[in-house]
Structure formats: C-alpha cells, structure tokens
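Good morning, everyone, and thank you for making time for this. I would like to walk through one protein model with you, beginning with its cysteines and then turning to its interior.

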Amino acid sequence: MKTSKITFLALPALALLASNADAGFYTSGPWSTSDMDGSTWEVYGDAVNDHPGTQSDLANCVPGVLAWAGRMSSAGYSYQVGTDIDAWSVDFEEAGLDDLYGDAADYAYISTHGGSDYVAFNGSVGDNALTSGETYWGELDMDVIAIDACNVLDANGRWSIFSNGLNDGTHFVLGFDSVSLDTASNADLYGYYLTQGYTHVSAWYSSTTASHPATYTFPNGGPTVNLVASFVQFYSPSCNTWNDTMNTVSCDPKYDSWGAYSTWGL
C-alpha cells in the first residue's frame, strides 16, 4: 500500500497529459513483440490511482508513470502506458498478455498499491493481483522492471522472485523493502537519471533517496517506520549486468544465472 504524498519535482520533461482519475491507454512510436534487444527500443508502464471500495485511492501513480514514459520517449524510446481500468494485471502475467506488453518492452514500470510479492491492479481485465508465481519475465525483451509499490521487494518478495525463476533474461527488479510514498517524483526522477547516463541501479538509488524521506509516520497515531528501497539483480560470469545503463544492455543472464539483492535506507 502506498501512502502520504510528496511534492512533484518540476524538472523539464515531455508531458503526457491525463486527468488523475481518468483511465486511458497511451502509445507512441513503433512496437515490436519479436525484436529482442534490437533496433526497436520500448518501455511499458501500468499505473493505478483509482481503487474503488478501498478508501485508499492514490493521486500520483498515473502522472509519475506518464512522466517516466515522457523522459524515455524524449530519448528515443517508444512507449505504451495503461492507466487505472486500462492497466491490467494480465499485462505482466505469463498466461495472460505479458508477451504482448510487459515482456515485449525493454524496460517496464508499475506504480500502484502493493504488498509482499503482491501488486494490486483495478483493471477491467484479469484478476487484479500480480505475484511472481504468475510471471516469467525476460524470455522475450524485458531487461529491467521497476515496481513502485509498498513492500513488493521485502525479504519474502525477493525470495519469491528468486524461487520462481524470473531470471531468464531479466537483469533487475527494482522496488521497495518498506512502504513507499504516493509521489510522482520517483518515477520522473528515475527516467531523468536514466536519460543522463546513470546505471539502472544508481538511477533507482538516486530517485528513491531524492523522492522519499528517511521515515514515515502512519496517520491516526500509527507507528513511525524506516523507508527502505531495494532491488534484485541477475547476472553470470559471462553477463555482468551491474553497469547496465539505458542504452548499454549488451547481454542477457539466462535461467541458471546467479542472483543478488541490495537494500538501502532512504
């Protein structure tokens, strides 16, 4: 679950405009489901602000992912982005439409509510619950996915990703060990740092630390918790993914590759 708010940073970006409460599907540029690490560079995003019946709607997932897509578009990437009821859990599920959307892109971003190894959707297609057991990323094009949602990459979430064999070409899964805040600036800054030549790891480190405080206090007398970001990495002796940047992905780790993770306080 994402909570609280942080002010959106007014950095220059290619604006993709949408009302926070309006669903939509946004596309730009050519899209290929067969051009693996080839000449067609693509990003895919899903963002969910509206969670009817939960009394826990969000405000900044949609503008954040659209800002990220705008950054990547300005660097020459095609994009497809689904928002609210047009963001579907099946976009990232192997038995669903993953090969057409999430895994057809080089890089992906999801922003919504979450939990340990759980991503919440409110789409018009699918079961609206994404877990690592439903996925098999990387056998097509996906190199890096960022999941901007609470607790998805806590200790249990990281172990679930390792044990469910997502490392058939995926390089990094980026996310949070703790709760994360409802801020558009994290996605926007991640895209900004990527376009400045940062590695994916350093871009995620820089965006999470800049967009989040060190602690968060739950409302109504709730506890204060430390905010912690994290990532899962896959690599092998013949494919060192650590220094991957937006435009320097030269190899894919395969199914039997090694896995590592890191966490850091914000």
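Before we look at any particular pair, let me say that a disulfide is counted here when two cysteine sulfur atoms lie within 2.5 Å of each other. It is a covalent bond between the sulfur atoms of two cysteines. Please keep in mind throughout that what you see is a predicted model.

With that cut-off, a search of the whole structure finds 1 disulfide. It is formed by Cys239 and Cys251, whose sulfur atoms are 2.2 Å apart. Both cysteines sit in the loop between β14, residues 228–235, and β15, residues 258–265, and they are 12 residues apart. The torsion about their S-S bond is about 95 degrees, and the disulfide is therefore right-handed. Now, are these two cysteines buried or exposed? Cys239 has a relative accessibility of 2% and so counts as buried, whereas Cys251, at 22%, is partly exposed.

There are also cysteines to mention that are not paired in this way. Cys61 is in no disulfide, and the nearest cysteine sulfur, which belongs to Cys150, is 9.7 Å away. Cys61 is buried, with 1% relative accessibility. Cys150, likewise, is in no disulfide, and with a relative accessible area of 0% Cys150 is buried.

Let me move on to the nonpolar interior. The largest nonpolar core has 40 residues, and those that touch the most other members are Trp68, Met72, Tyr107, Tyr109, Leu174, Tyr190 and Trp204. Which helix gives the most to this core? That is helix α1, residues 61–74, which contributes 7 residues. If we take Tyr190 and leave aside its neighbours within four places in sequence, we find Tyr190 in contact with several residues, including Trp68, Tyr109, Leu174, His200 and Trp204. Apart from this core lies another one, of 22 residues, among them Val48, Val119, Phe121 and Leu153.

Finally, I would like to look at helix α4, which runs over residues 200–211. At 1.5 Å a residue, its 12 residues should span 16 Å, and because its end C-alpha atoms are 16 Å apart, the two values agree. The buried residues of α4 include His200, Ala203, Trp204 and Ser207. What covers the buried residues of this helix, then? The covering elements include the strands β5, β9 and β10, the helix α3, and also β14 and β15, and it was the loop between β14 and β15 that held our cysteine pair.

Technical notes: Residues numbered from 1 in each chain as written. Predicted model: local features only at pLDDT ≥ 70, side-chain atom pairs only at ≥ 80, totals over all residues. Heavy atoms only, no water. Helix = DSSP H or I, 4+ residues; strand = E, 2+ residues; numbered from the N terminus. Buried < 20%, exposed > 50% of the residue type's maximum accessible area, 1.4 Å probe, protein only. Core = buried A, V, L, I, M, F, W, Y, C linked by side-chain atoms within 4.5 Å. Contact = heavy atoms within 4.5 Å. Expected span 1.5 Å × (residues − 1).
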